[in-house]
Amino acid sequence: MAADTASEPENGPVRVLVFGGSLRADSLNGRLAALVARLVERTGAAVELAHMRDFTMPVYDGDVETAEGLPPGALALRERIEACDAFVISAPEYNASVSGVLKNAIDWVSRVRPQPFKDKHALLASASPSMVGGNRGLWALRVPLEHLGTRVYPDMFSLAKAHEGFTESGDLSDSALQERLADTAASFVRLVEADTRYVCLQRRWYEFLGDCTDAPVTLRAQD
């Protein structure tokens, strides 16, 4: 059940964080992230392009967290996510799944309270020399993000044979794929804008089985 709660649209453009999920300096996913950032910026959104090297952090260890707290890289990524309305990840595929570096970053940042992934919109993309373009890794990446409350956009983009997929200017060699990616980016930004700038519904969420909260479901609402 949703209640009408009309509100004025927020000022300013939609804020989108875009980053590649690989540490390699000239990675295919870094190139795809740079292209997506340009396409998103063309929609009028305010874009910040980042790199996984901006968020260096050790392998997650609960003892390290207890003794030292969260590492600076995790706190920096948390701040970037909190400051945006939405984020885009161009993620590599490792052995048909999400890369350890990216999963480790999500695990660290999820330890912040309140954790910043909840209610953020996300668009997932991948680039790979393989014929499936890293798509299997994106399906694996959806799981922790959606578990943390991220609203992952249904249409994901995967660039197959990505080592042959870019022009010297950084666009896609296949004009049809370039158009599809641009349309996907524009549609994603429109959805984020509609949800964050023109909120007209009160959203309700329901506890999972085993949630021990004492608050009635009807009171667990967010404006």
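Author: Ala, Val, Leu, Ile, Met, Phe, Trp, Tyr, Cys and Pro count as nonpolar, Asp, Glu, Lys and Arg count as charged, and the others, Gly among them, count as polar. The structure above is a predicted model.

Reader: With those classes in mind, how do the residues lining the second largest pocket divide?

Author: The second largest pocket, whose volume is about 150 Å³, has a lining of 13 residues. Val14, Thr43, Gly44, Val189 and Glu193 are those that lie nearest its centre. Sorted by class, the lining residues come out as six nonpolar, three polar and four charged.

Reader: How are helices H1 and H6 placed, oblique or roughly parallel?

Author: Helix H1 covers residues 28–42 and helix H6 covers residues 175–197, and their axes come within 9 Å of each other while crossing at roughly 60°. Angles under 35 degrees would count as roughly parallel, and those from 65 to 115 as roughly perpendicular. The crossing of H1 and H6 falls in neither range, and therefore H1 is, with respect to H6, oblique.

Reader: What is the handedness of that crossing, left-handed or right-handed, and which residues of H6 make the contact?

Author: The crossing of H1 and H6 is right-handed. By class, the contact holds nine nonpolar residues, one polar and no charged. On the side of H1 the contact is made by Leu32, Leu35, Val36, Leu39 and Val40, and on the side of H6 by Gln178, Leu181, Ala182, Ala185 and Val189.

Reader: What is the arrangement of H3 and H4, and how do the residues of their contact divide?

Author: Helix H3, residues 72–83, and helix H4, residues 100–109, have axes that come within 9 Å and cross at roughly 80°, and therefore the two helices are roughly perpendicular to each other. Ala74, Leu77, Arg78 and Ile81 of H3 make the contact with Ala105, Trp108 and Val109 of H4. Divided by class, the residues of this contact are six nonpolar, no polar and one charged.

Reader: Beyond the helices, is the peptide bond from Arg113 to Pro114 cis or trans?

Author: Pro114 is placed in the loop between H4 and strand S6, which covers 121–127. For the peptide bond that leads from Arg113 to Pro114, omega is near -5°, and the bond is cis.

Reader: Where along the chain does Asn95 lie, and what is its phi?

Author: Asn95 is found in the loop between strand S4, 93–94, and strand S5, 97–98. Although Asn95 is a residue other than glycine, its phi has a positive value, near 50°.

Methods:
Residues are numbered from 1 along each chain as its sequence is written. This is a predicted model: local features need pLDDT of at least 70, side-chain atom pairs count only at pLDDT 80 or more; totals for chains, interfaces and linings use all residues. Side-chain values use heavy atoms; hydrogens and water are left out. Axes are lines fitted to C-alpha atoms, for helices over the stretch in contact, and angles run from 0 to 180 degrees between N-to-C directions. Helices (H or I, at least four residues) and strands (E, at least two) are DSSP runs, numbered from the N terminus. Angles under 35 degrees count as roughly parallel, over 145 as roughly antiparallel, 65 to 115 as roughly perpendicular and the rest as oblique. Contact means heavy atoms within 4.5 Å. A crossing is left-handed if the near helix is turned anticlockwise from the far one by less than a right angle, and right-handed if clockwise. On a 1 Å grid over the protein atoms alone, a cavity is a set of points where a 1.4 Å probe fits but cannot get out, and a pocket is an open set with protein on both sides within 12 Å along at least five of seven lines; lining residues have an atom within 4 Å of a point. Grid points are joined across faces, edges and corners, and a volume is the space filled by probe spheres set on the points.
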